[in-house]
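Trainee: Please take a close look with me at one part of this model. I would like to know where empty space is left, and what surrounds it.

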Amino acid sequence: MELACPCNAVKLRISADPIAHFWCHCADCQTVHGAAYVAEAVYPADGVEVVQGDTTSFALKTTPRLSCAKCATRLIIELDGIGMRSINGYLLGDAFKPSLHINCSEAIAPVRDGLPHYAAMPAAFGGNDRLVDW
């Protein structure tokens, strides 16, 4: 699958199956995206590559994030310590199929959509499976 930022300056190629699609409510995502929660799609790191265009990198705290150098669209979160890359789920359009919410203990407002809402992370991602009940 090939994706592009809105200005088409940066193109990404995804050559792996997703590990998970989810909504993230963490304070970092809220700050970086200027949103209450964001769409994220996690893939094996070697299955995601920038194939065209210039990116900029920054870290709000410690996690490196890549953006388009031209339109500043957030593209990738580098999850180096666990060998994964997270793609901005909004770039996937209809292919974004979230199955859960994470970091809901930091949520600004409840979202009631029938998906599981983890206080932090599910056990599969190193968390404890504790859910929030809105």
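**The largest pocket and its surroundings**

Mentor: Start with α1: this helix gives the lining of the largest pocket its largest share, 3 residues. Keep in mind that the model is predicted. The pocket has a volume of about 470 Å³. Its lining takes in 22 residues. Sort them by class and you get 14 nonpolar, 5 charged and 3 polar.

Which elements supply at least two residues each to this lining? They are β3 (20-24), α1 (27-33), β4 (38-44), β8 and β9. Now go to the middle. Cys 24, Leu 79, Ile 102, Asn 103 and Met 121 are the lining residues nearest the centre of the pocket.

Take Asn 103 from that group. Asn 103 sits in the segment after β10 (100-102). Is Asn 103 buried or exposed? Its relative accessible area is 11%. Buried means under 20%, so Asn 103 counts as buried. Its contacts, leaving out residues up to four places away in sequence, fall into two stretches of numbers. One holds Cys 24, His 25 and Cys 26. The other holds Tyr 118, Ala 119, Ala 120 and Met 121. Two of these partners, Cys 24 and Met 121, are also among the residues nearest the pocket centre.

Leu 115 belongs to the segment after β10 too. Leu 115 has a relative accessible area of 22%. The buried class stops at 20% and the exposed class begins over 50%, so Leu 115 is partly exposed. Among residues more than four places away in sequence, Leu 115 touches Trp 23, Pro 98, Ser 99, Leu 100 and His 101. Now compare its position with Thr 73. The two are 42 residues apart along the chain, and their C-alpha atoms are separated by 27 Å.

Next comes the sheet. Seven strands form it, and the order is β6-β7-β8-β9-β4-β3-β10. The sheet is open and its pairing is mixed. β6 (55-59) and β10 are the edge strands, each pairing on one side only. On average, neighbouring strands are turned by 30° against each other, direction ignored.

Walk along the sheet from β6. β6 and β7 run antiparallel and are joined by 5 bridges. A hairpin of 4 residues links them. Ser 57 stands opposite Leu 66 in β7. Thr 56 stands opposite Ser 67. In a regular strand, side chains alternate between the two faces of the sheet. β7 itself is mostly covered, with 4 of its 5 residues buried.

Step on to β8. β7 and β8 pair in the antiparallel sense over 3 bridges. Arg 65 stands opposite Ile 77 in β8. This hairpin has 5 residues between its strands, and Ala 72 in the turn has a positive phi of about 70°. From β8 you reach β9. These two pair in the antiparallel sense over 4 bridges. Leu 79, met above near the pocket centre, has Met 84 in β9 as its bridge partner.

The same strands lead us to a closed space. How many cavities of 30 Å³ or more does a search of the whole structure find? The search finds 1. The volume of this cavity is about 50 Å³. β7 (64-68), β8 (74-79) and β9 (84-88) each supply at least two residues of its lining. β8 gives the largest share, 4 residues. Here are the lining residues. They begin with His 33, Glu 40, Arg 65 and Leu 66. Then come Arg 74, Leu 75, Ile 76 and Ile 77. Ser 86, Ile 87 and Asn 88 complete the set. By class, 5 are nonpolar, 3 polar and 3 charged. Arg 65 and Ile 77, which stand opposite each other, both line this cavity.

Now tie the two spaces together. β8 and β9 each supply at least two residues to the pocket lining, and each does so for the cavity lining as well. Find those two strands on screen, and you can trace both spaces from there.

Notes: Residues are numbered from 1 along each chain as its sequence is written. This is a predicted model: local features need pLDDT of at least 70, side-chain atom pairs count only at pLDDT 80 or more; totals for chains, interfaces and linings use all residues. Side-chain values use heavy atoms; hydrogens and water are left out. On a 1 Å grid over the protein atoms alone, a cavity is a set of points where a 1.4 Å probe fits but cannot get out, and a pocket is an open set with protein on both sides within 12 Å along at least five of seven lines; lining residues have an atom within 4 Å of a point. Grid points are joined across faces, edges and corners, and a volume is the space filled by probe spheres set on the points. Ala, Val, Leu, Ile, Met, Phe, Trp, Tyr, Cys and Pro count as nonpolar, Asp, Glu, Lys and Arg as charged, and the others, Gly among them, as polar. Buried means under 20% relative accessible area, exposed over 50%, partly exposed in between (1.4 Å probe, protein chains only). Contact means heavy atoms within 4.5 Å. Two strands pair if DSSP finds at least two bridges between them. Axes are lines fitted to C-alpha atoms, for helices over the stretch in contact, and angles run from 0 to 180 degrees between N-to-C directions.
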